[in-house]
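Me: I should like a close look at one part of this model, followed by an account of how that part sits within the rest. Please state each cut-off where its term is introduced.

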Amino acid sequence: MTRITAWRRHPLARYAVLILALALVGMVYTAFVQAGRPADAALASGKLDDVAEGKSLFEVHCASCHGMNAQGTSTGPTLIGVGAAAVDFQMSTGRMPASNPGAQVPRKPLAGWVTPDKIRQIGAYVQSLGGGPQVPGKEQVDPALGDAGKGGELFRANCIQCHNWAGAGGALTQGKYAPNLNQATPEQIYEAMVTGPQAMPVFNDTTITPEEKRSMIAYITQVREQKDPGGFGLGRIGPVTEGLVGWLVGIVALILASIWITAKKRQKS
């Protein structure tokens, strides 16, 4: 009894009890969260059996690269925690499943078996594994609800270095590139910002708020409809392309002018 009383009076006893209590709370919380995730993902997708269907599809079409439990392999990254938004972006743009993995997987037509329902089901399964960003709703990406002027300022501050002022894309290092945004839907633009596919950084809601993301979408979609006042836009890639074309056209014009002047002098002589 004396030993127990002495232990209770020990200055470290209270800290040991506090650490034990925190550990127990953490274990209980983790158990509840893990148990609730599959149901939450299924409810978010609209069908309770989406997770089960998505798991079956994943095992057939995705597990060879990402692992049977989406833990990742030498040929594909882990998908735990990436969320349904990443699945929707990669599959709806045709980047996944990847037929020829390389420095960067390009946008391509959808595989024959890929449908919106199957994308949703695989997304629900991946969402159930570890949470992550979900597919945005219509109001989150509606360009009509955004401020294109504010979106242009944000785009020029955060995106123009890679994607060009008009979203035409551009080259990066080690065989990578920033893709052209003209084919991207508002949903895909939003998903790219919150998931950071390939070489793109993640712009979470702390860095760029949902309202600001919507304004950026409004700017990107508005720029597509603008006409080039100077005529042929040369892909809107920028001054390097314009300078190269100007130089080549100028050189050809000078050569033709030299030939014409020489021919005239010979005729006179």
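What phi does glycine 94 take, just after H5?

Reply: The model is predicted, so local features are taken at pLDDT of at least 70 and side-chain atom pairs at pLDDT 80 or more, while totals for chains, interfaces and linings use all residues. Residues are numbered from 1 along each chain as its sequence is written, and side-chain values rest on heavy atoms, with hydrogens and water left out.

Glycine 94 has a positive phi of about 80 degrees, just after H5. Helices here are DSSP runs of H or I with at least four residues, strands are runs of E with at least two, and both are numbered from the N terminus. H5 itself covers residues 83-92, and nine of its ten residues are buried. Buried denotes a relative accessible area under 20%, exposed one over 50%, and partly exposed the range in between, with a 1.4 Å probe and protein chains only. The buried set of H5 consists of Gly83, Ala84, Ala85, Ala86, Val87, Asp88, Phe89, Gln90 and Met91. Their cover includes helix H6 (116-130) and helix H10 (186-195).

H10 therefore deserves the next look, as part of what covers H5. Nine of the ten residues of H10 are likewise buried, namely Pro186, Gln188, Ile189, Tyr190, Glu191, Ala192, Met193, Val194 and Thr195. These residues pack against H5, helix H7 (138-141) and helix H11 (210-224), a contact being heavy atoms within 4.5 Å. After H10 comes glycine 196, with a positive phi near 60 degrees.

Two buried residues of H10, Ile189 and Met193, lead on to the largest nonpolar core. A nonpolar core is a set of buried Ala, Val, Leu, Ile, Met, Phe, Trp, Tyr and Cys residues joined through side-chain atoms within 4.5 Å. The largest one has 19 residues, and those touching the most other members are Phe155, Ile189, Met193, Met216, Ile217 and Ile220. Helix H8 (148-158), H10 and H11 each contribute at least two residues to this core, and H11 gives the largest share, five residues. Leaving aside residues up to four places away in sequence, methionine 216 touches Gly151, Leu154, Phe155, Cys159, Met193 and Ile208. A separate core of 15 residues has Val51, Val114, Tyr125 and Val126 among its members.

Cys159, touched by methionine 216, raises the matter of disulfides. Searching the whole structure yields zero disulfides, a disulfide being a pair of cysteine sulfur atoms within 2.5 Å. For cysteine 159, the nearest cysteine sulfur is that of cysteine 162, 8.4 Å away. With 9% relative accessibility, cysteine 159 counts as buried. Cysteine 65 is also in no disulfide, and the nearest cysteine sulfur, belonging to cysteine 62, lies 8.7 Å away. Cysteine 65 is partly exposed, at 27% relative accessibility.

Charged pairs link some of the helices already named. A salt bridge is counted where a side-chain nitrogen of Lys or Arg lies within 4 Å of a carboxyl oxygen of Asp or Glu, and six meet this rule. In one, lysine 138 pairs with glutamate 187, with the closest N and O atoms 3.3 Å apart. Lysine 138 belongs to helix H7 and glutamate 187 to helix H10, so this pair ties together parts 49 residues apart in sequence. Lysine 138 is exposed, at 67% relative accessibility.

H6, part of the cover of H5, has its own salt bridge: the side chains of arginine 120 and aspartate 50 meet at 2.9 Å, N to O. Arginine 120 is in helix H6 and aspartate 50 in helix H3 (residues 50-61), so parts 70 residues apart in sequence are tied together. Aspartate 50 is buried at 0% relative accessibility, whereas arginine 120 is partly exposed at 24%. Within helix H3, lysine 55 forms a salt bridge with glutamate 59, with 2.6 Å between the closest N and O atoms. The two are four residues apart, about one helical turn.

As for the whole, the protein chain has twelve helices and two strands, and 32% of its 269 residues are buried. Of contacts between residues at least 6 apart in sequence, 59% join residues at least 24 apart.
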